Amino acid sequence: MTASHKTASFELLERLSTHTSAIAPIIAGHDECVQGAVVVATCNRFEAYVDMDEPVTAAEAVGVEATLLAIEAATGVSSTELEGSYRVVSGGAVAEHLFSVASGLESVVVGEGEIAGQVRRALTDARRHGTTSTELERLFQRASEAQRGVKNATALGRAGRSLVRLALDLADSRVADWSALSVLLVGTGSYAAATLAALRDHGATDIAVHSPSGRGARFALKHGVAHAPELAAAVAAADLVVTCTSSEQPVVTADMFAPRRESPASGCPAHADGSVLPRRLVIDLGLPRNVDPDVAQRDVDLLDLETIRLHAPLEELQATDAARAVVQDAARRFAVVGERRSATPSVVALRTHVFGLLEAEIARARARGDADGRVEQSLRHLAGVLLHTPTTRAHELAEAGRADDFATALETLFGLAPAAESAQDPGSAAAS
(Lines give C-alpha, C1' and ligand atoms only; values in the text may rest on other atoms or scores of the structure.)
Protein backbone atom coordinates (compact mmCIF):
# COMPACT_ATOMS: atom_id res chain seq x y z
CA MET A 1 0.00 0.00 0.00
CA THR A 2 1.39 3.42 -0.94
CA ALA A 3 0.34 6.98 -0.11
CA SER A 4 2.52 9.78 -1.43
CA HIS A 5 2.53 13.41 -2.52
CA LYS A 6 0.85 12.15 -5.71
CA THR A 7 -2.19 10.69 -3.94
CA ALA A 8 -2.49 12.29 -0.49
CA SER A 9 -2.50 15.74 1.06
CA PHE A 10 0.50 17.00 2.98
CA GLU A 11 -1.62 17.14 6.14
CA LEU A 12 -2.52 13.45 5.84
CA LEU A 13 1.09 12.44 5.11
CA GLU A 14 2.16 14.40 8.17
CA ARG A 15 -0.26 12.43 10.35
CA LEU A 16 0.91 9.15 8.82
CA SER A 17 4.51 9.98 9.70
CA THR A 18 3.96 9.80 13.47
CA HIS A 19 4.47 6.62 15.52
CA THR A 20 5.39 4.62 12.40
CA SER A 21 7.73 2.27 14.28
CA ALA A 22 4.70 0.42 15.71
CA ILE A 23 3.01 -0.22 12.36
CA ALA A 24 5.12 -3.08 10.94
CA PRO A 25 4.90 -5.21 14.13
CA ILE A 26 1.11 -4.75 14.21
CA ILE A 27 0.82 -5.79 10.56
CA ALA A 28 3.06 -8.83 11.10
CA GLY A 29 0.92 -9.98 14.02
CA HIS A 30 -2.39 -9.56 12.21
CA ASP A 31 -2.73 -13.08 10.79
CA GLU A 32 -0.61 -16.20 10.39
CA CYS A 33 -0.65 -15.71 6.61
CA VAL A 34 1.34 -12.47 7.00
CA GLN A 35 4.98 -13.45 6.59
CA GLY A 36 6.53 -10.04 7.15
CA ALA A 37 6.19 -6.27 6.83
CA VAL A 38 8.47 -3.30 6.11
CA VAL A 39 7.26 0.31 6.42
CA VAL A 40 8.87 3.15 4.47
CA ALA A 41 7.87 6.54 5.90
CA THR A 42 9.47 9.72 4.52
CA CYS A 43 8.53 13.38 4.31
CA ASN A 44 6.39 12.80 1.20
CA ARG A 45 5.58 9.11 1.35
CA PHE A 46 4.10 6.34 3.47
CA GLU A 47 4.35 2.77 2.20
CA ALA A 48 3.80 -0.65 3.77
CA TYR A 49 5.32 -3.69 2.05
CA VAL A 50 3.61 -6.87 3.23
CA ASP A 51 4.74 -10.40 2.39
CA MET A 52 1.74 -12.72 2.28
CA ASP A 53 1.67 -16.54 2.23
CA GLU A 54 1.04 -17.32 -1.45
CA PRO A 55 -1.68 -20.01 -1.07
CA VAL A 56 -4.04 -17.48 0.56
CA THR A 57 -6.73 -16.72 -2.02
CA ALA A 58 -7.49 -13.25 -0.62
CA ALA A 59 -3.87 -12.39 0.16
CA GLU A 60 -4.09 -8.83 -1.16
CA ALA A 61 -7.29 -8.03 0.74
CA VAL A 62 -5.89 -9.43 3.98
CA GLY A 63 -2.68 -7.46 3.54
CA VAL A 64 -4.55 -4.20 2.99
CA GLU A 65 -6.82 -4.89 5.96
CA ALA A 66 -3.80 -5.57 8.19
CA THR A 67 -2.14 -2.34 7.06
CA LEU A 68 -5.20 -0.15 7.54
CA LEU A 69 -5.85 -1.54 11.02
CA ALA A 70 -2.19 -1.05 11.97
CA ILE A 71 -2.19 2.55 10.73
CA GLU A 72 -5.30 3.38 12.74
CA ALA A 73 -3.93 1.71 15.87
CA ALA A 74 -0.56 3.49 15.65
CA THR A 75 -1.44 6.91 14.22
CA GLY A 76 -5.18 7.34 14.74
CA VAL A 77 -5.78 7.76 10.99
CA SER A 78 -8.85 5.68 10.11
CA SER A 79 -9.46 3.74 6.92
CA THR A 80 -12.27 6.18 6.10
CA GLU A 81 -9.85 9.11 6.20
CA LEU A 82 -7.40 7.22 4.00
CA GLU A 83 -9.97 6.32 1.37
CA GLY A 84 -8.94 7.67 -2.01
CA SER A 85 -5.50 8.71 -0.74
CA TYR A 86 -3.60 5.49 -1.36
CA ARG A 87 -3.23 2.79 -3.95
CA VAL A 88 -2.39 -0.89 -3.74
CA VAL A 89 0.46 -2.40 -5.74
CA SER A 90 0.71 -6.18 -5.83
CA GLY A 91 2.45 -9.08 -7.53
CA GLY A 92 5.20 -8.38 -10.01
CA ALA A 93 4.53 -4.62 -9.97
CA VAL A 94 5.82 -4.29 -6.40
CA ALA A 95 9.49 -4.69 -7.32
CA GLU A 96 9.37 -2.09 -10.07
CA HIS A 97 7.55 0.33 -7.76
CA LEU A 98 10.04 -0.02 -4.90
CA PHE A 99 13.01 0.13 -7.27
CA SER A 100 11.58 3.37 -8.71
CA VAL A 101 11.06 4.80 -5.23
CA ALA A 102 14.57 3.90 -4.08
CA SER A 103 16.03 5.44 -7.24
CA GLY A 104 14.27 8.77 -6.65
CA LEU A 105 11.94 8.43 -9.64
CA GLU A 106 8.81 8.88 -7.50
CA SER A 107 10.15 11.73 -5.36
CA VAL A 108 8.98 15.34 -5.32
CA VAL A 109 12.41 16.23 -6.67
CA VAL A 110 13.10 13.53 -9.24
CA GLY A 111 16.50 11.94 -8.63
CA GLU A 112 16.93 13.17 -5.06
CA GLY A 113 19.38 11.01 -3.17
CA GLU A 114 18.02 10.98 0.39
CA ILE A 115 15.33 8.40 -0.37
CA ALA A 116 17.86 5.61 -0.97
CA GLY A 117 19.09 5.86 2.61
CA GLN A 118 15.54 6.02 3.92
CA VAL A 119 14.66 2.78 2.10
CA ARG A 120 17.72 1.07 3.57
CA ARG A 121 16.84 2.29 7.06
CA ALA A 122 13.30 0.92 6.66
CA LEU A 123 14.74 -2.57 6.16
CA THR A 124 17.07 -2.08 9.14
CA ASP A 125 14.10 -1.07 11.31
CA ALA A 126 12.15 -4.14 10.18
CA ARG A 127 15.09 -6.35 11.09
CA ARG A 128 15.29 -4.73 14.52
CA HIS A 129 11.60 -5.36 15.12
CA GLY A 130 11.75 -8.88 13.68
CA THR A 131 9.16 -8.18 10.97
CA THR A 132 11.17 -8.80 7.81
CA SER A 133 11.03 -12.02 5.77
CA THR A 134 13.23 -13.81 3.27
CA GLU A 135 11.35 -12.36 0.31
CA LEU A 136 11.27 -8.83 1.76
CA GLU A 137 15.00 -9.05 2.43
CA ARG A 138 15.57 -10.02 -1.19
CA LEU A 139 13.23 -7.27 -2.43
CA PHE A 140 14.85 -4.46 -0.45
CA GLN A 141 18.41 -5.60 -1.10
CA ARG A 142 17.70 -5.67 -4.85
CA ALA A 143 16.12 -2.20 -4.52
CA SER A 144 19.45 -0.85 -3.24
CA GLU A 145 21.24 -2.53 -6.14
CA ALA A 146 18.77 -1.03 -8.62
CA GLN A 147 19.30 2.43 -7.11
CA ARG A 148 23.06 2.11 -7.52
CA GLY A 149 22.53 0.91 -11.10
CA VAL A 150 20.45 3.99 -11.89
CA LYS A 151 23.03 6.28 -10.28
CA ASN A 152 25.93 4.71 -12.19
CA ALA A 153 24.26 4.27 -15.57
CA THR A 154 22.23 7.48 -15.97
CA ALA A 155 22.47 11.23 -15.48
CA LEU A 156 19.49 11.24 -13.13
CA GLY A 157 21.52 11.68 -9.96
CA ARG A 158 23.32 14.65 -11.48
CA ALA A 159 20.12 16.16 -12.87
CA GLY A 160 18.08 15.79 -9.73
CA ARG A 161 18.34 17.90 -6.62
CA SER A 162 17.63 17.09 -3.04
CA LEU A 163 14.81 18.71 -1.11
CA VAL A 164 17.43 20.55 0.94
CA ARG A 165 19.08 22.08 -2.11
CA LEU A 166 15.75 22.89 -3.74
CA ALA A 167 14.66 24.71 -0.55
CA LEU A 168 17.87 26.75 -0.50
CA ASP A 169 17.52 27.51 -4.20
CA LEU A 170 14.03 28.82 -3.50
CA ALA A 171 15.47 30.93 -0.70
CA ASP A 172 18.03 32.50 -3.05
CA SER A 173 15.51 35.14 -4.13
CA ARG A 174 15.22 36.28 -0.51
CA VAL A 175 18.94 36.27 0.30
CA ALA A 176 21.28 38.97 -0.98
CA ASP A 177 24.44 37.59 0.65
CA TRP A 178 24.53 34.12 2.22
CA SER A 179 27.84 34.85 3.92
CA ALA A 180 26.21 37.71 5.86
CA LEU A 181 23.45 35.52 7.30
CA SER A 182 23.35 34.21 10.83
CA VAL A 183 22.11 30.61 10.33
CA LEU A 184 20.70 28.22 12.94
CA LEU A 185 20.44 24.53 12.04
CA VAL A 186 18.03 22.61 14.29
CA GLY A 187 18.72 18.87 14.17
CA THR A 188 21.77 16.62 14.07
CA GLY A 189 20.62 13.52 12.18
CA SER A 190 21.80 12.28 8.78
CA TYR A 191 19.64 14.91 7.05
CA ALA A 192 21.33 17.66 9.07
CA ALA A 193 24.74 16.81 7.62
CA ALA A 194 23.37 17.11 4.08
CA THR A 195 21.71 20.39 5.01
CA LEU A 196 24.93 21.78 6.43
CA ALA A 197 26.82 20.85 3.25
CA ALA A 198 24.17 22.56 1.11
CA LEU A 199 24.29 25.71 3.27
CA ARG A 200 28.06 25.92 2.88
CA ASP A 201 27.78 25.38 -0.88
CA HIS A 202 25.49 28.42 -0.99
CA GLY A 203 28.08 30.48 0.86
CA ALA A 204 26.79 30.43 4.43
CA THR A 205 29.61 30.67 6.99
CA ASP A 206 28.03 31.86 10.26
CA ILE A 207 26.28 28.61 11.23
CA ALA A 208 25.23 27.31 14.66
CA VAL A 209 23.51 24.04 15.51
CA HIS A 210 20.98 23.10 18.16
CA SER A 211 19.91 19.55 18.95
CA PRO A 212 16.60 18.86 20.74
CA SER A 213 18.07 15.45 21.66
CA GLY A 214 21.22 16.90 23.24
CA ARG A 215 23.72 15.92 20.53
CA GLY A 216 24.45 19.46 19.39
CA ALA A 217 27.88 19.88 20.98
CA ARG A 218 29.24 16.70 19.40
CA PHE A 219 27.80 17.57 15.97
CA ALA A 220 29.21 21.10 16.21
CA LEU A 221 32.68 19.83 17.07
CA LYS A 222 32.65 17.25 14.28
CA HIS A 223 31.49 19.68 11.58
CA GLY A 224 33.23 22.86 12.68
CA VAL A 225 30.18 24.98 13.53
CA ALA A 226 29.02 26.79 16.67
CA HIS A 227 26.87 25.09 19.28
CA ALA A 228 23.65 26.77 20.40
CA PRO A 229 22.50 25.13 23.65
CA GLU A 230 19.54 27.52 24.17
CA LEU A 231 17.06 27.16 21.31
CA ALA A 232 14.86 30.20 21.96
CA ALA A 233 17.82 32.58 22.19
CA ALA A 234 19.42 31.11 19.08
CA VAL A 235 16.19 31.40 17.07
CA ALA A 236 15.73 35.00 18.13
CA ALA A 237 19.27 35.87 16.99
CA ALA A 238 19.20 34.01 13.64
CA ASP A 239 18.41 35.40 10.21
CA LEU A 240 17.77 31.92 8.82
CA VAL A 241 16.52 28.89 10.75
CA VAL A 242 16.59 25.46 9.07
CA THR A 243 14.91 22.59 10.92
CA CYS A 244 15.26 18.87 10.19
CA THR A 245 14.51 16.87 13.34
CA SER A 246 12.46 13.73 13.93
CA SER A 247 10.46 15.39 16.72
CA GLU A 248 6.74 14.65 16.56
CA GLN A 249 5.89 18.11 17.94
CA PRO A 250 6.97 21.57 16.67
CA VAL A 251 10.24 22.66 18.25
CA VAL A 252 10.24 26.20 16.85
CA THR A 253 7.28 28.34 17.86
CA ALA A 254 6.05 31.84 17.13
CA ASP A 255 6.90 33.20 20.58
CA MET A 256 10.61 32.61 19.86
CA PHE A 257 10.53 35.39 17.25
CA ALA A 258 10.51 38.67 19.14
CA PRO A 259 9.80 41.81 17.04
CA ARG A 260 12.96 43.39 15.69
CA ARG A 261 13.93 47.01 16.20
CA GLU A 262 12.94 49.17 13.22
CA SER A 263 15.04 51.94 11.77
CA PRO A 264 13.24 55.32 11.99
CA ALA A 265 14.66 56.23 8.60
CA SER A 266 13.61 53.16 6.62
CA GLY A 267 10.90 51.59 8.76
CA CYS A 268 12.67 48.25 8.23
CA PRO A 269 14.24 45.97 10.86
CA ALA A 270 17.76 47.25 11.49
CA HIS A 271 20.89 46.79 13.56
CA ALA A 272 21.70 49.26 16.29
CA ASP A 273 23.94 51.12 13.81
CA GLY A 274 21.00 51.60 11.47
CA SER A 275 22.00 49.02 8.85
CA VAL A 276 19.02 47.06 7.54
CA LEU A 277 18.55 43.49 8.74
CA PRO A 278 17.49 40.79 6.24
CA ARG A 279 13.93 39.54 6.57
CA ARG A 280 13.94 36.43 8.75
CA LEU A 281 13.46 33.12 6.97
CA VAL A 282 12.57 29.68 8.32
CA ILE A 283 12.94 26.49 6.26
CA ASP A 284 11.09 23.55 7.80
CA LEU A 285 12.26 20.21 6.40
CA GLY A 286 10.63 18.13 9.12
CA LEU A 287 7.70 15.78 8.90
CA PRO A 288 5.80 16.05 11.15
CA ARG A 289 6.33 19.80 11.09
CA ASN A 290 9.20 21.11 13.18
CA VAL A 291 7.90 24.66 12.99
CA ASP A 292 4.58 26.05 14.18
CA PRO A 293 2.90 27.64 11.11
CA ASP A 294 2.03 30.67 13.28
CA VAL A 295 5.62 31.90 12.89
CA ALA A 296 4.50 33.38 9.55
CA GLN A 297 2.58 35.98 11.57
CA ARG A 298 5.81 37.24 13.19
CA ASP A 299 7.39 39.00 10.21
CA VAL A 300 8.96 35.68 9.16
CA ASP A 301 8.96 33.95 5.77
CA LEU A 302 8.25 30.23 6.15
CA LEU A 303 9.20 27.60 3.59
CA ASP A 304 7.80 24.21 4.57
CA LEU A 305 7.59 20.96 2.64
CA GLU A 306 4.17 21.83 1.26
CA THR A 307 5.53 25.04 -0.26
CA ILE A 308 8.72 23.39 -1.47
CA ARG A 309 6.98 20.60 -3.34
CA LEU A 310 4.77 23.11 -5.17
CA HIS A 311 7.95 24.52 -6.69
CA ALA A 312 9.57 21.20 -7.55
CA PRO A 313 11.22 21.32 -11.00
CA LEU A 314 9.96 19.45 -14.03
CA GLU A 315 11.47 16.03 -14.58
CA GLU A 316 14.62 15.72 -16.62
CA LEU A 317 12.91 13.62 -19.29
CA GLN A 318 15.86 11.94 -20.94
CA ALA A 319 17.53 11.06 -17.64
CA THR A 320 14.23 9.80 -16.26
CA ASP A 321 13.53 7.61 -19.29
CA ALA A 322 16.98 6.04 -19.06
CA ALA A 323 16.56 5.49 -15.33
CA ARG A 324 13.18 3.84 -15.77
CA ALA A 325 14.68 1.46 -18.31
CA VAL A 326 17.29 0.44 -15.74
CA VAL A 327 14.60 -0.02 -13.09
CA GLN A 328 12.40 -2.10 -15.38
CA ASP A 329 15.31 -4.36 -16.29
CA ALA A 330 16.16 -4.83 -12.60
CA ALA A 331 12.51 -5.63 -11.82
CA ARG A 332 12.38 -8.17 -14.66
CA ARG A 333 15.50 -9.92 -13.37
CA PHE A 334 14.07 -9.90 -9.85
CA ALA A 335 10.88 -11.56 -11.14
CA VAL A 336 12.83 -14.19 -13.10
CA VAL A 337 14.83 -15.17 -10.04
CA GLY A 338 11.62 -15.29 -8.01
CA GLU A 339 9.92 -17.51 -10.57
CA ARG A 340 12.92 -19.82 -10.71
CA ARG A 341 12.71 -20.10 -6.92
CA SER A 342 9.07 -21.20 -7.26
CA ALA A 343 10.25 -24.36 -9.05
CA THR A 344 12.84 -25.17 -6.39
CA PRO A 345 10.61 -27.39 -4.19
CA SER A 346 9.70 -29.58 -7.17
CA VAL A 347 13.29 -29.76 -8.39
CA VAL A 348 14.43 -30.69 -4.88
CA ALA A 349 11.77 -33.44 -4.75
CA LEU A 350 12.94 -34.89 -8.07
CA ARG A 351 16.63 -34.74 -7.20
CA THR A 352 16.01 -36.23 -3.75
CA HIS A 353 14.15 -39.11 -5.38
CA VAL A 354 16.82 -39.74 -8.04
CA PHE A 355 19.74 -39.44 -5.63
CA GLY A 356 18.01 -41.78 -3.23
CA LEU A 357 17.78 -44.42 -5.97
CA LEU A 358 21.37 -43.67 -6.97
CA GLU A 359 22.79 -44.27 -3.48
CA ALA A 360 20.87 -47.55 -3.23
CA GLU A 361 22.35 -48.76 -6.56
CA ILE A 362 25.84 -47.65 -5.54
CA ALA A 363 25.51 -49.64 -2.31
CA ARG A 364 24.52 -52.74 -4.30
CA ALA A 365 27.43 -52.23 -6.70
CA ARG A 366 29.86 -52.02 -3.82
CA ALA A 367 28.39 -55.20 -2.33
CA ARG A 368 29.01 -56.92 -5.66
CA GLY A 369 32.65 -55.94 -5.69
CA ASP A 370 32.95 -52.49 -7.26
CA ALA A 371 36.31 -52.01 -5.58
CA ASP A 372 37.74 -49.44 -8.00
CA GLY A 373 34.56 -47.28 -8.01
CA ARG A 374 34.09 -47.31 -11.76
CA VAL A 375 30.45 -48.41 -11.54
CA GLU A 376 29.76 -45.72 -8.94
CA GLN A 377 31.35 -43.10 -11.18
CA SER A 378 29.26 -44.21 -14.15
CA LEU A 379 26.04 -44.22 -12.11
CA ARG A 380 26.69 -40.69 -10.81
CA HIS A 381 27.40 -39.45 -14.33
CA LEU A 382 24.19 -41.08 -15.60
CA ALA A 383 22.13 -39.49 -12.82
CA GLY A 384 23.57 -36.07 -13.66
CA VAL A 385 22.75 -36.46 -17.36
CA LEU A 386 19.20 -37.64 -16.63
CA LEU A 387 18.52 -34.75 -14.23
CA HIS A 388 19.90 -31.99 -16.44
CA THR A 389 17.01 -31.69 -18.90
CA PRO A 390 14.10 -31.86 -16.41
CA THR A 391 15.88 -29.34 -14.12
CA THR A 392 16.42 -26.93 -17.00
CA ARG A 393 12.84 -27.42 -18.14
CA ALA A 394 11.52 -26.77 -14.63
CA HIS A 395 13.25 -23.38 -14.52
CA GLU A 396 12.03 -22.49 -18.01
CA LEU A 397 8.45 -23.32 -17.03
CA ALA A 398 8.81 -21.34 -13.81
CA GLU A 399 10.04 -18.27 -15.68
CA ALA A 400 6.94 -18.55 -17.87
CA GLY A 401 4.73 -18.72 -14.78
CA ARG A 402 4.06 -22.46 -15.19
CA ALA A 403 5.90 -23.96 -12.21
CA ASP A 404 2.68 -25.78 -11.24
CA ASP A 405 2.79 -27.70 -14.54
CA PHE A 406 6.14 -29.20 -13.59
CA ALA A 407 4.88 -30.09 -10.09
CA THR A 408 1.82 -31.80 -11.61
CA ALA A 409 3.95 -33.80 -14.04
CA LEU A 410 6.25 -34.84 -11.22
CA GLU A 411 3.34 -36.14 -9.18
CA THR A 412 1.82 -37.91 -12.20
CA LEU A 413 5.03 -39.67 -13.25
CA PHE A 414 6.66 -40.43 -9.93
CA GLY A 415 3.99 -39.81 -7.29
CA LEU A 416 6.20 -37.12 -5.74
CA ALA A 417 4.97 -34.05 -3.87
CA PRO A 418 7.14 -30.89 -3.92
CA ALA A 419 9.53 -30.66 -1.00
CA ALA A 420 9.40 -27.81 1.50
CA GLU A 421 11.18 -24.66 0.31
CA SER A 422 13.77 -24.95 3.01
CA ALA A 423 14.78 -28.43 1.90
CA GLN A 424 18.39 -28.89 0.86
CA ASP A 425 19.01 -29.97 -2.70
CA PRO A 426 21.12 -33.15 -2.33
CA GLY A 427 22.82 -32.50 -5.64
CA SER A 428 24.15 -29.02 -4.78
CA ALA A 429 25.72 -27.10 -1.93
CA ALA A 430 22.51 -25.20 -1.19
CA ALA A 431 18.99 -24.94 -2.47
CA SER A 432 18.82 -22.80 -5.59
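Modeller: A helix here is a DSSP run of H or I with at least four residues, numbered from the N terminus. Also, keep in mind that this is a predicted model.

Colleague: OK. How many cavities of 30 Å³ or more does the structure hold?

Modeller: One. The space in that largest cavity comes to about 120 Å³.

Colleague: Which residues are closest to its centre?

Modeller: Thr42, Cys43, Asn44, Ser107 and Glu112. They belong to a set of 15 residues lining the largest cavity.

Colleague: And which helix gives the most to that lining?

Modeller: That's α6, residues 114-129, which puts in three residues.

Colleague: What's the lining like by class?

Modeller: Mixed: six residues are nonpolar, five are polar and four are charged.

Colleague: Switching to the sheet. What's the strand order?

Modeller: β1-β3-β2, in an open sheet of three strands with antiparallel pairing. β1 (2-4) and β2 (34-42) are the edge strands, each pairing on one side only. From one strand to the next, the twist averages 10°.

Colleague: How many bridges join β1 to β3?

Modeller: Three, and the two strands run antiparallel. β3 covers residues 45-52.

Colleague: What stands opposite Ala3?

Modeller: Phe46, over in β3.

Colleague: Which helix packs on the sheet, and where does it touch?

Modeller: Helix α5, residues 93-102, touches β1 and β3. The direction of α5 makes about 145° with that of β3.

Terms used:
Residues are numbered from 1 along each chain as its sequence is written. This is a predicted model: local features need pLDDT of at least 70, side-chain atom pairs count only at pLDDT 80 or more; totals for chains, interfaces and linings use all residues. Side-chain values use heavy atoms; hydrogens and water are left out. On a 1 Å grid over the protein atoms alone, a cavity is a set of points where a 1.4 Å probe fits but cannot get out, and a pocket is an open set with protein on both sides within 12 Å along at least five of seven lines; lining residues have an atom within 4 Å of a point. Grid points are joined across faces, edges and corners, and a volume is the space filled by probe spheres set on the points. Ala, Val, Leu, Ile, Met, Phe, Trp, Tyr, Cys and Pro count as nonpolar, Asp, Glu, Lys and Arg as charged, and the others, Gly among them, as polar. Two strands pair if DSSP finds at least two bridges between them. Axes are lines fitted to C-alpha atoms, for helices over the stretch in contact, and angles run from 0 to 180 degrees between N-to-C directions. Contact means heavy atoms within 4.5 Å.
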